[in-house]
Amino acid sequence: MGDTTGFLKIKRKEAGNRPVHERICDYSEVEQILNSEDRMLQASRCMDCGVPFCHWSCPVDNIIPEWNDLLYKGDWKGAYNRLSATNNFPEFTGRICPALCEHGCVLNIRNEPVTIRENEVAIVERAFTEGYVKPQPPAKRTGKKVAVVGSGPAGMAAADLLNKAGHEVTLFEKDRKAGGLLRYGIPDFKLSKATIDRRLDILMKEGLIVRTNTQIGRDISAHEIIDCFDAVCLAIGSGYPRDLSVEGRNFEGIHFALDFLGGMNITNEGDGYGADTRINARGKKVLVIGGGDTGSDCVGTSVRQKAECVTQIEIMPQPPVERTSQNPWPFYAKVLKTTTSHEEGCQRYWSLSTVRFIGKNNHITGVEVEEVEWINENGRTVPKPIKGTRRVIEADLVLLALGFVHPVLEGIISDLGLELDERSNVKVDNSQSTNIAKVFAAGDTVSGASLVVRAIASGRSTAKAIDNFLKVTSKV
Ligand SMILES: Cc1cc2nc3c(=O)[nH]c(=O)nc-3n(C[C@H](O)[C@H](O)[C@H](O)COP(=O)(O)OP(=O)(O)OC[C@H]3O[C@@H](n4cnc5c(N)ncnc54)[C@H](O)[C@@H]3O)c2cc1C
Ligand code: SF4
């Protein structure tokens, strides 16, 4: 532990964001980078607590106090080695993780947690700049072949570890480029796609085979994959969006959030692909239904596309500004979140339900909404409409950001007859194994829509389970 009283002397200092007037004119990353000296001082604030609750809060078990200490001492390479031992892609989580660790940080009892997420990205970016993130192909190959289906963070993490274990790994992706929701969901202003390309380049130099534009269950049958590989890791995400079945749903101008966000990311790839078919918010009154992070991404993207105005509504009540007694430290703080996109210009409303869509000439013109209060009914909290509160919000583009229900079941899941859990996610046992021999599953496919860091953690444990399975089966 470098500086035992660092947290008493140094205040939390964030790198900060680019000014709003500048950043809304492009799709470059919003967050800035802190200079190295300040970054090391920020690391000195880590208290090396007896029980590091940050570590407990982090799904990939990052050994945060250790790399913070190395960072404080200026051993950037040592910090990187410690960080990359538990996280395949700190350059992703360091940018877009909601930093569950910081909620658990002991200094967060006083609302001044260590800047763990920013420290993480600083360490990995320094590692790339100094050139010690290098391809490290396995010393020898096992002769075993593994198919990983789906190239989001879960599939990438599983493929990375299995390849490093010496197996021949093919990562299949139905889209034109690998990355899953990192690529075609999360906006460029949160995560630049060059960051994904840089990592994929290393993985491929290590021997990972990446086959894009290949949908398993359509271009290659699910059974063929089973026949041709010794093990299969299914990491196809949770792609079935939640819909809103109210009157007028079929009007033109109502879209799922991901179609809007993915279209923008494809256009930003810059090769002209998708530009003519993308949903465009330019000059439109945009209404985003759904108050979560995907909704917030729709806000930021609409603002950059020069929407006339943007409104975001949520059926749940407005969260409190500070933790309540039912939500104590070190648990994740369920408090009001104002994202960088909200700062860029958006009207937000809570406790509003959608009554019906209103349209003219078959196109959406507005949405009738109604205020609700949340009451307890037979032990369940349910929304109760408040009489006389109906009104219409004008809109000529409506984006449904209501989350995802479960993975797409048609195709590989139904073709293989994979067993599902009660929420229609793929059911796995303690070793991430499905009911079908040699088929394993990881990420949102198993958990339902979640977070990048949880997908990486799941990909890592599935890779270990597959590696064990291959070792056992090669002995029999
Ligand atoms: C708009 C949006 C913003 C988000 N922002 C954040 C954020 O800021 N921070 C955060 O932590 N999380 C965020 N998330 C959640 C996060 O992106 C997901 O939890 C994570 O990507 C899940 O990883 P995954 O690998 O399980 O699945 P995915 O990333 O969904 O990847 C699955 C991949 O499988 C492919 N696939 C599907 N079927 C087949 C098939 N049959 N054959 C071949 N390929 C197939 C898909 O094309 C896709 O590329 C966001 C999600 C969305 C939608
Ligand atoms: S991955 Fe997320 S939770 Fe874990 S240390 Fe990084 S920012 Fe914190």
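Reader: In the hairpin of β11 and β12, which residue takes a positive phi?

Author: That residue is asparagine 378, whose phi is near 50 degrees, and the hairpin has 2 residues between its strands. Please keep in mind that this is a predicted model.

Reader: How many bridges join β11 to β12, and in which sense do the strands run?

Author: There are 6 bridges between β11 and β12 (residues 380–385), and the two strands run antiparallel. One of the opposed pairs is asparagine 376 with threonine 381 of β12.

Reader: And on the β10 side, what does the pairing with β11 look like?

Author: Strand β10, residues 352–360, pairs with β11, residues 363–377, in the antiparallel sense over 8 bridges. Within that pairing, leucine 352 has glutamate 371 of β11 as its bridge partner. β10 and β11 also form a hairpin with 2 residues between them, and in its turn asparagine 361 has a positive phi of about 50 degrees.

Reader: Which residue of β13 does valine 369 face?

Author: Valine 369 stands opposite arginine 391 in β13. The strand β13, residues 391–394, is joined to β11 by 4 bridges, with the two running antiparallel.

Reader: Switching to the parallel sheet, what is the strand order?

Author: It is an open sheet of 5 strands with parallel pairing, in the order β3-β2-β1-β4-β16. The edges are taken by β3 (209–211) and β16 (439–441), and each has a single partner strand, so one side of each is left without a neighbour in the sheet. From one strand to the next, the twist averages 20 degrees.

Reader: How many bridges hold β16 to β4?

Author: Strand β4, residues 231–234, is joined to β16 by 3 bridges, and the two run parallel. Cysteine 233 has phenylalanine 440 in β16 as its bridge partner.

Reader: Which strands does helix α10 lie across?

Author: Helix α10 (residues 153–164) lies across β1 (145–149), β2 (168–172) and β4, and it runs at about 165 degrees to β2.

Reader: What about helix packing, say how α5 and α6 cross?

Author: The axes of α5 (residues 64–72) and α6 (residues 76–84) come within 7 Å and cross at roughly 165 degrees. The two helices are therefore roughly antiparallel to each other, and their crossing is left-handed. On the α5 side the contact is made by Glu66, Trp67, Leu70 and Leu71, while α6 contributes Trp76, Gly78, Ala79, Arg82 and Leu83. Sorted by class, this contact has 6 nonpolar, 1 polar and 2 charged residues.

Reader: Now the ligand: which helix gives the most to the shell around ligand 2?

Author: That is α9, which gives 3 residues. Both α8 (100–104) and α9 (116–130) supply at least two residues of the shell. The residues around ligand 2 include Cys58, Cys97 and Cys101, along with Arg117, Glu120 and Val453. By class, the shell has 8 nonpolar, 2 polar and 2 charged residues.

Reader: Any backbone oddities I should look at, such as where the cis peptide bond sits?

Author: The cis peptide bond joins tryptophan 329 and proline 330, with omega about 5 degrees. Proline 330 lies in the loop between β8 (309–313) and α16 (340–343). As background, most residues other than glycine have a negative phi, and most peptide bonds are trans.

Reader: And what is the phi of aspartate 61?

Author: Aspartate 61 has a positive phi of about 60 degrees, although it is not a glycine. You will find aspartate 61 in the loop between α4 (53–57) and α5.

Note on methods. Residues are numbered from 1 along each chain as its sequence is written. Chains are lettered from A and ligands numbered from 1 in the order in which they are written. This is a predicted model: local features need pLDDT of at least 70, side-chain atom pairs count only at pLDDT 80 or more; totals for chains, interfaces and linings use all residues. Side-chain values use heavy atoms; hydrogens and water are left out. A residue is near a molecule or strand if one of its heavy atoms lies within 4 Å of it. Ala, Val, Leu, Ile, Met, Phe, Trp, Tyr, Cys and Pro count as nonpolar, Asp, Glu, Lys and Arg as charged, and the others, Gly among them, as polar. Axes are lines fitted to C-alpha atoms, for helices over the stretch in contact, and angles run from 0 to 180 degrees between N-to-C directions. Angles under 35 degrees count as roughly parallel, over 145 as roughly antiparallel, 65 to 115 as roughly perpendicular and the rest as oblique. A crossing is left-handed if the near helix is turned anticlockwise from the far one by less than a right angle, and right-handed if clockwise. Contact means heavy atoms within 4.5 Å. Two strands pair if DSSP finds at least two bridges between them.
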